[in-house]
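User: Please take a close look at a single part of this model and then work outward from it to the surroundings. I would like one connected account rather than a list of separate notes.

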Amino acid sequence: MSKIVSFSNQKGGVGKTTSCVNIAAQVAKKGKKVLLIDMDPQGNATSGLGVPKSKVKKTIYDVIIGKCQISEAIIKTAFKNLSVVPANINLAGAELELHELEEANDDSYNYIKIAINSIKEDYDYIFIDCPPSLGMLTVKALSISDGVVVPMQCEFYSLEGMSQLFNTIKRIRQLFNPDLRLVGILLTMYNGRLTLTNQVVSELKKYYAEALFKVPISRTVRLSEAPGYGEPICYHDPYGKGSLEYAAVAKELMQRI
């Protein structure tokens, strides 16, 4: 049965989608069967895997509202062992619909949970790219996950947002998913030559030393340009720094969960 791992951070621009896409690709290259569910209305994980959003007929939104089975929305990518359930801007409307069901106290239409349970046997890992918020889509994703990875940029605004995210994780454990684990905190856009970076890392080590992944992800040009080609970094620049770093993180993630 697959392990379900969400990638979440309410702050945008911290490398969340980049990390989800590239770790999924690295795990898949290691011989594991992987499904990436794009739960972000921006749909960046979808395009980052070379799937044109304009040509997608069925998305995670259709699954959430019960319009189709998840098997009908799964697309096999051009990359080894890696499939995706795409997203587009329609997903933004799902937040309102989920709120209405929540207010009605009706969990019988939790199509996300029903859908994922129906395919758990088909994959080794299911990765969920959450939106950059702590809204209903993120709550639903974390409620069905075995673990959560928190990508975090090395700056103080990101550090400030950690406590809010961890309060949300704590609340989800109390209300919905007592088995939800923090898989790890992944430092992104890392530059060890900067004083600010070292200060942030030092603060994190005071409180979250055990949670930090051993290898941070450096800021590189090749890593930034890969989504424009619709390729994970391990295919776009297989021997580059970004690819080697994500390979190390993927290996550690598989050991952790």
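Analyst:
**Strand β2 and its surroundings**

Strand β2 is covered on both of its faces, with Val 34, Leu 36 and Asp 38 buried on one side and Leu 35 and Ile 37 buried on the other. The model is a predicted one, and what follows should be read as a description of that prediction. In a regular strand, side chains alternate between the two faces of the sheet, and the division of β2 into Val 34, Leu 36 and Asp 38 against Leu 35 and Ile 37 can be read in that light. Since five of the five residues of β2 are buried, this strand is largely enclosed by the rest of the structure.

The strand partners of β2 come next. β2 pairs with β4 in the parallel sense over four bridges, and within that pairing Ile 37 stands opposite Val 85 of β4. β2 also pairs with β5, again in the parallel sense, over five bridges, and here Leu 35 stands opposite Ile 126 of β5. These pairings belong to an open sheet of seven strands, whose order is β3-β4-β2-β5-β1-β6-β7 and whose pairing is mixed. The edges are taken by β3 (75-76) and β7, each of which has a single partner strand, so one side of each lacks a neighbour in the sheet.

The edge strand β7 pairs with β6 (residues 147-153) in the parallel sense over seven bridges; along this pairing Val 149 stands opposite Gly 184 of β7, while Gln 153 has Thr 188 of β7 as its bridge partner. Helix α12 packs on the sheet and touches β1, β5, β6 and β7, with its direction making about 170° with that of β7. Although β7 is an edge strand, it is mostly covered, with six of its eight residues buried. Leu 182 lies in this strand and counts as partly exposed, because its relative accessibility is 25%, above the 20% under which a residue is called buried. Apart from neighbours within four places in sequence, Leu 182 is in contact with Val 148, Val 150, Phe 166, Arg 173 and Ala 211. The C-alpha atoms of Leu 182 and Val 5 are 9.6 Å apart in space, although 177 residues separate the two in sequence.

From the sheet, the account moves to the nonpolar interior. In soluble globular proteins, nonpolar side chains tend to be buried together. Here the largest nonpolar core has 34 residues, and those with the most contacts inside it are Ile 23, Phe 127 and Leu 253. The elements that give two or more residues to this core are β1 (3-7), α1 (16-29), β2 (34-38), β4 (82-85), β5 (125-129), β7 (181-188), α11 (233-236) and α12 (241-256), so that both β2 and its two partners β4 and β5 are on this list. The largest share, seven residues, comes from α1. Another core, of 28 residues, lies apart from the largest one and includes Val 63, Ile 112, Cys 130 and Leu 137.

Helix α1 has 14 residues and spans 20 Å from its first C-alpha to its last, close to the 20 Å expected at 1.5 Å a residue. Twelve of those 14 residues are buried, so α1 is largely enclosed by the rest of the structure; among the buried ones are Lys 16, Thr 17, Asn 22 and Gln 26 as well as Val 21, Ile 23 and Val 27. Setting aside residues up to four places away in sequence, Ile 23 touches Phe 7, Phe 127, Leu 186, Tyr 246, Val 249, Ala 250 and Leu 253. After α1 comes Gly 31, whose phi is positive, near 100°.

The cysteines complete the picture. A search of the whole structure finds zero disulfides. Cys 68 is in none, the nearest cysteine sulfur being that of Cys 130, 19 Å away, and it counts as buried at 10% relative accessibility. Cys 130 is likewise in no disulfide, with the sulfur of Cys 20 as its nearest, 8.3 Å away, and Cys 130 is buried, with a relative accessible area of 0%.

Methods:
Residues are numbered from 1 along each chain as its sequence is written. This is a predicted model: local features need pLDDT of at least 70, side-chain atom pairs count only at pLDDT 80 or more; totals for chains, interfaces and linings use all residues. Side-chain values use heavy atoms; hydrogens and water are left out. A nonpolar core is a set of buried Ala, Val, Leu, Ile, Met, Phe, Trp, Tyr and Cys residues joined through side-chain atoms within 4.5 Å. Buried means under 20% relative accessible area, exposed over 50%, partly exposed in between (1.4 Å probe, protein chains only). Contact means heavy atoms within 4.5 Å. Two strands pair if DSSP finds at least two bridges between them. Axes are lines fitted to C-alpha atoms, for helices over the stretch in contact, and angles run from 0 to 180 degrees between N-to-C directions. The expected span of a helix is 1.5 Å times one less than its number of residues. A disulfide is a pair of cysteine sulfur atoms within 2.5 Å.
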